[in-house]
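Q: Please take a close look at one part of this structure, the largest pocket, and at the helices around it. I am a first-year student, so plain wording would help.

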Amino acid sequence: MVEKRPALSAAAYAILALGVAIVALPVYVTFVASTQTLDQILEVPMSLVPGTELLANYTAALTSGSERAASAPVGRMMVVSLVVALTVSFGKIVISLLSAFAIVYFRFPLRMFFFWMIFVTLMLPVEVRILPTYEVIADLHLLNTYAGLTVPLIASATATFLFRQFFMTIPDELAEAARIDGASPMRFFWDVVVPLSRTNMAALFVILFIYGWNQYLWPLLITTEESMYTVVIGIRRMIAGGDAATEWNIVMATAMLAMLPPALVVLLMQRWFVKGLVETEK
Amino acid sequence: MAEVVLRHVSKSFGKTQVIYDMDLVVADGEFVVIVGPSGCGKSTVLRMIAGLEPVTGGVIEIGGRVVNDVEPKDRNIAMVFQNYALYPHMSVRENMAYGLRIRGMPKAEIAEHVARAAKILELEGLLDRKPRELSGGQRQRVAMGRAIVRDPAAFLFDEPLSNLDAKLRVQMRLEIQKLSRELGTTSLYVTHDQVEAMTLAHRMVVMNAGRVEQIGAPLDVYLRPASAFVAAFIGVPPMNLLAGRVGEGAFTLGNGLVVRLPAGAPRPPFGAEAILGVRPEHLAPVGEAEAALTLTVETIERLGADTLAHGTFDGNPMVVRLPAEATLQPGTRLALGLVPDEIHWFDPQTQKRLDLPGG
Ligand SMILES: Nc1ncnc2c1ncn2[C@@H]1O[C@H](COP(=O)(O)OP(=O)(O)OP(=O)(O)O)[C@@H](O)[C@H]1O
Ligand SMILES: [Mg+2]
């Protein structure tokens with residue numbers, strides 16, 4: 001802040017504190033609930049002091065899931081979610097790097113047409129084209145498979161567009177120098193373009209990992225077998241039976257577990273993430 | 001090392017033609033500078049020789065081989081770009097080694113080449129730095145190092161010094177001169193800075209709007225400009241050009257003012273339209289009686305070594321180069337004499353030089 005006035009600072013801190021509370025309180029309540037027995041949770045009002053069942057609840061969730069809702073173990077769901085999130089992020093990054101490279105560095109017939117085609121898919125995320133996509137996946141017998149879970153999510157153009165914008169800031173002379181040095185286009189891609197895109201890739205990875213991890217509608221639609229549930233779907237299935245049948249302590253433990261990987265990715269990639277968003281290495 | 005030959009080379013981008021019928025022979029080991037105003041097509045010529053742009057017409061030969069359809073990497077040339085175009089994520093060493101690595105040269109041999117180039121360019125202490133950790137002059141040297149390690153048949157430089165400050169430019173200019181003398185590699189050097197052109201070139205090519213105006217040794221071009229454009233472009237400050245009609249012992253300008261022509265000076269036939277050219281250093285103050293023209297001084301630039309007096313004569317801007325200690329101020333009337341041998345004539349239609357006998 002430029003001005004240093006106590007009243008202003010106090011107000012700013014108050015607003016910040018309020019913001020933190022709005023975000024943190026529900027997380028805290030979830031955490032507390034995940035350490036209590038089901039009976040404790042159902043007491044009114046619910047105690048806001050952590051209980052003693054932390055280990056028991058989390059072990060139960062990870063190894064056997066919610067017994068009453070007959071769900072799969074959350075451990076399994078975490079693996080599914082992880083595979084989906086990683087496949088979606090890496091798949092998107094690889095495909096968009098390549099397609100952006102083609103669009104920026106090659107002159108081929110209908111280049112702009114293809115660019116706009118890709119661009120238009122920005123307006124068609126999975127949710128919009130969900131019925132036809134479901135039809136296609138079903139006809140290809142890809143329901144309840146990793147391919148079915150990930151491929152439709154990979155096929156969109158957000159990242160292509162971002163990489164295109166970045167590639168256009170790389171001076172043409174770099175490509176020309178590489179041509180004179182004898183680098184083939186793919187060699188230039190590997191030796192120059194990919195290393196220069198590292199920070200952008202890292203930033204994008206964070207965003208896409210969270211995007212993949214938090215997918216709800218699509219996995220809900222195409223997974224019918226417990227073994228292919230993602231965590232997000234798992235939570236949803238656990239509370240399907242109505243209040244009485246729901247083991248809230250297990251559900252809350254699962255929710256905490258579901259929050260963990262995205263948070264970890266953000267924490268671990270923070271440095272790269274910020275770098276990728278604010279600076280370009282040229 | 002090799003000869004670079006352009007025969008009737010032309011280039012169009014879509015419908016706009018930017019190079020017209022260019023002929024040029026760069027001899028083996030020769031340092032040729034292409035100079036011209038911005039947008040005249042200098043870079044385009046260089047890029048066609050490098051193979052980065054296809055030619056629209058004509059033939060380009062390097063080392064006796066027609067290279068029109070040869071990929072840049074197989075033309076055995078090295079190019080130095082204005083913005084250096086160093087790979088930002090590679091160290092100086094990797095930048096220089098990259099081309100050799102791609103060509104599959106053994107590691108030990110690459111190290112040897114890089115070490116030698118680094119020594120020549122005094123880059124030894126910087127080999128492990130990234131380009132962003134270098135100053136502009138050092139980056140420029142790395143860019144040249146990248147060209148040298150390859151031992152190419154020809155160097156192509158595209159305004160390599162124009163991103164440097166004035167002092168560094170002078171220093172790098174001398175280094176390039178020294179370097180080219182040591183290596184003796186055929187070089188084509190593009191610049192719009194005529195001082196670079198004058199000092200570096202064995203021969204220079206003056207271009208204007210996609211056409212070659214003149215090819216020749218720098219001094220020849222300076223002393224005998226082939227066209228009014230060259231006369232105005234080469235030389236700081238430029239040659240004074242006055243358009244008018246030749247009369248009896250005099251030259252009458254458009255608005256009626258007269259330049260008296262000294263006896264024995266070559267001149268076009270009586271009554272002919274012509275452009276008279278005279279360099280600022282060839283106008284000397286004389287007594288009123290022998291004066292060719294009288295100029296009223298408007299602005300004065302004291303450069304230390306000499307003094308430039310600017311004025312307007314019959315609506316034409318004129319500059320005179322005077323000794324440093326010349327006493328004058330705005331408003332001073334300078335009676336100026338012409339030296340018979342230092343008068344240039346140009347055809348007003350074709351703008352070409354008119355070679356005339358004395359008379
Ligand atoms: N890729 C292109 N497409 C269309 N026109 C081009 C292209 N490249 C250059 N030109 C045109 O060709 C002409 C010559 O350009 P060129 O870059 O060779 O000029 P230059 O002499 O190098 O100028 P400068 O001193 O500013 O670098 C210019 O009029 C330019 O607009
Ligand atoms: Mg240029």
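A: What follows describes the pocket, then one helix pair, then a few backbone details.

The model is predicted. Its largest pocket has a volume of about 840 Å³. The lining is made up of 33 residues, and those closest to the centre of the pocket are A:Tyr105, A:Arg107, A:Ala175, A:Glu176 and A:Arg179.

Several helices of chain A contribute to this lining. Helix H4 (74-105), helix H5 (111-121), H8, helix H9 (172-181) and helix H10 (185-196) each supply at least two residues. The largest share, five residues, comes from H9(A). Sorted by class, the lining has 18 nonpolar, three polar and twelve charged residues. As background, empty space is found by rolling a probe the size of a water molecule over the atoms.

One of the helices that line the pocket, H8 of chain A, also packs against another helix. H8(A) covers residues 158-168, and its partner H11(A) covers residues 198-213. The two pack at an angle of about 160 degrees, and their axes are 11 Å apart. Angles over 145 degrees count as roughly antiparallel, and H8(A) and H11(A) are therefore roughly antiparallel to each other. The crossing of H8(A) past H11(A) is right-handed. On the H8(A) side, the contact is made by A:Ala159, A:Leu162, A:Phe163 and A:Phe166, while H11(A) brings A:Asn200, A:Met201 and A:Leu204. By class, this contact has six nonpolar residues, one polar residue and no charged residues.

Some backbone details can be set beside this. Most peptide bonds are trans, and most residues other than glycine have a negative phi. In chain A, the peptide bond from A:Val44 to A:Pro45 is cis, with omega near -10 degrees. A:Pro45 sits in the loop between helix H2 (38-42) and helix H3 (54-64) of chain A. In chain B, a cis peptide bond joins B:Val236 and B:Pro237, with omega about -10 degrees. B:Pro237 lies in the loop that runs between helix H8 (228-233) and strand E11 (240-246) of chain B. B:Tyr84 is a residue other than glycine with a positive phi, near 70 degrees. The loop that holds B:Tyr84 is between strand E6 (77-80) and helix H2 (92-102) of chain B.

Technical notes
Residues numbered from 1 in each chain as written. Chains lettered and ligands numbered in written order. Predicted model: local features only at pLDDT ≥ 70, side-chain atom pairs only at ≥ 80, totals over all residues. Heavy atoms only, no water. Axes fitted to C-alpha atoms, helices over the stretch in contact; angles between N-to-C directions. Helix = DSSP H or I, 4+ residues; strand = E, 2+ residues; numbered from the N terminus. Parallel < 35°, antiparallel > 145°, perpendicular 65-115°, else oblique. Left-handed = near helix turned anticlockwise from the far one by under 90°. Contact = heavy atoms within 4.5 Å. Nonpolar A, V, L, I, M, F, W, Y, C, P; charged D, E, K, R; others polar. 1 Å grid on protein atoms, 1.4 Å probe; cavity = no way out; pocket = protein on both sides within 12 Å on 5 of 7 lines; lining within 4 Å. Points joined across faces, edges and corners; volume = space filled by probe spheres on them.
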